[in-house]
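Hi,

Here is the structure I promised to pass on. Have a look at it before you read my notes underneath.

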Amino acid sequence: MARILMVVSAADSLTMKDGTEHPTGFWAEELVVSHRLLSEAGHTVNIATPGGRKPTVDAVSLTAESAGSQQKADDFAAYLEEIDAELSHPFVLSEVDASYFNAIVLPGGHGPMADLATDSDLGRLLVEADREEIIIAPFCHGPAGLLSARNDNGEFAFAGRRLTVFTDEEELGGGTGDNTPWLVESTLRANGAIVQAGPAWASNVVLDGNLISGQNPQSSEAVAKEVLAALGPAPGGAQDDEAEFDADRDEDVRDDDY
C-alpha cells in the first residue's frame, strides 16, 4: 500500500496583527479525520513537523462547540491519544525525502500560518513532490504551507494552479477576525494561485492534477477520500517494493530512528 507523509505545524501560537500571541496549533478534526481514513484504508501515514517537534492541538478544536458535539470532541481527543506515540516522535521535516512517499497531506489549524508558510524544508519537499507528480493535499489553513514552495527563480511554485483554502470570509466571520495577521486566501491569490472558493463552512474540494485541496474543516473527509481515489487500489508489481519498507529504508527516510 501507499506511504503518506502528513506534514503538521509545530507552532503553538500565532502572532496577531496587534502583536499579541494567539494560542493555536493543528485543528483536531482535520488531522483526526484524514489520518484515520487514510490509515484505515491500509496506507502507512507518517507524521512530520519542523524540527521533529511534537505538534500542539488547538484546544478550541476539542470543544463541543467547535467539534460539532461533545461526542465528536471526545472522539477526536481519544484518537489523538491513540496515536500519541506518532505525534510525540514525528519525522524531522528537513530529513524527509519526498520521493519515498506517494502523497503529502497538510491539515490546517492556524499553525501553518506561523511556521509552514515560510519553511524552506517544506518548500523543498513540495517542489520535489510536484515535479514528480506526487499527490499534494492541503486543506483549510494547510494551503498556507504551499507559500513556502518557490522555484529556482524564487517564484511561487503553485502560481496558475487551481486550489481552495479557508476563505477570507470564513476567517473574518468565524476565524480570528480582524486581528488576523494576514489572510491566506488573499495571499495565495496575490502570489498567482487561482482560488476557487465555495460557500462558507460547506465542504469544497478542488482538484488540479496532483494537487487536491480543501476549503475548511468540513472538507476533511472529502479531501481524504479524494486522496484515496487518486492513490487507487493496492498496487502490484514494482510498487510492491514500496509496501515492503524495512528498518534500513526507514532510516534513509529519517535518520533519527526512534
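Below is what turned up, starting with how far to trust the model and then going through a pocket and a few residues.

First, keep in mind that this is a predicted model. The protein chain has an average pLDDT of 92, and 90% of the residues reach at least 70. One stretch to treat separately is residues 235–258, where pLDDT stays under 50. For that stretch the model has 33 contacts beyond four places in sequence.

Now the pocket. The largest one has a volume of about 420 Å³. Its lining is made up of 20 residues, and the closest to the centre are Trp 27, Ser 66, Gly 174, Gly 175 and Trp 201. Which elements give two or more residues to that lining? They are helix H1 (28–40) and helix H2 (64–67). By residue type, the lining splits into ten polar, seven nonpolar and three charged residues.

Trp 201 deserves another look, since it came up in the pocket as one of the residues closest to the centre. You'll find Trp 201 in the loop between strand E9 (194–195) and strand E10 (205–208). Its phi is near 65°, which is positive even though the residue is not a glycine. For background, most residues other than glycine have a negative phi. Is Trp 201 buried, exposed or partly exposed? Its relative accessibility is 39%, so Trp 201 counts as partly exposed.

Cys 140 also has a positive phi, about 60°, without being a glycine. This residue sits in the loop between strand E7 (135–138) and strand E8 (162–163). Cys 140 counts as buried because its relative accessibility is 3%, and the cut-off for buried is under 20%.

The last residue on my list is Thr 56, in the loop between strand E4 (44–49) and H2. H2 is one of the two helices mentioned above for the pocket lining. With 31% relative accessibility, Thr 56 counts as partly exposed. Which residues does Thr 56 touch, leaving out those up to four places away in sequence? They are Ala 11, Asp 12, Thr 24, Gly 25 and Phe 26. There is also Ala 10 to check: 46 residues separate Thr 56 and Ala 10 along the chain, yet their C-alpha atoms are 6.5 Å apart.

That's everything I have for now.

Cheers

Methods
Residues are numbered from 1 along each chain as its sequence is written. This is a predicted model: local features need pLDDT of at least 70, side-chain atom pairs count only at pLDDT 80 or more; totals for chains, interfaces and linings use all residues. Side-chain values use heavy atoms; hydrogens and water are left out. On a 1 Å grid over the protein atoms alone, a cavity is a set of points where a 1.4 Å probe fits but cannot get out, and a pocket is an open set with protein on both sides within 12 Å along at least five of seven lines; lining residues have an atom within 4 Å of a point. Grid points are joined across faces, edges and corners, and a volume is the space filled by probe spheres set on the points. Helices (H or I, at least four residues) and strands (E, at least two) are DSSP runs, numbered from the N terminus. Ala, Val, Leu, Ile, Met, Phe, Trp, Tyr, Cys and Pro count as nonpolar, Asp, Glu, Lys and Arg as charged, and the others, Gly among them, as polar. Buried means under 20% relative accessible area, exposed over 50%, partly exposed in between (1.4 Å probe, protein chains only). Contact means heavy atoms within 4.5 Å. pLDDT is the predictor's confidence in each residue, from 0 to 100.
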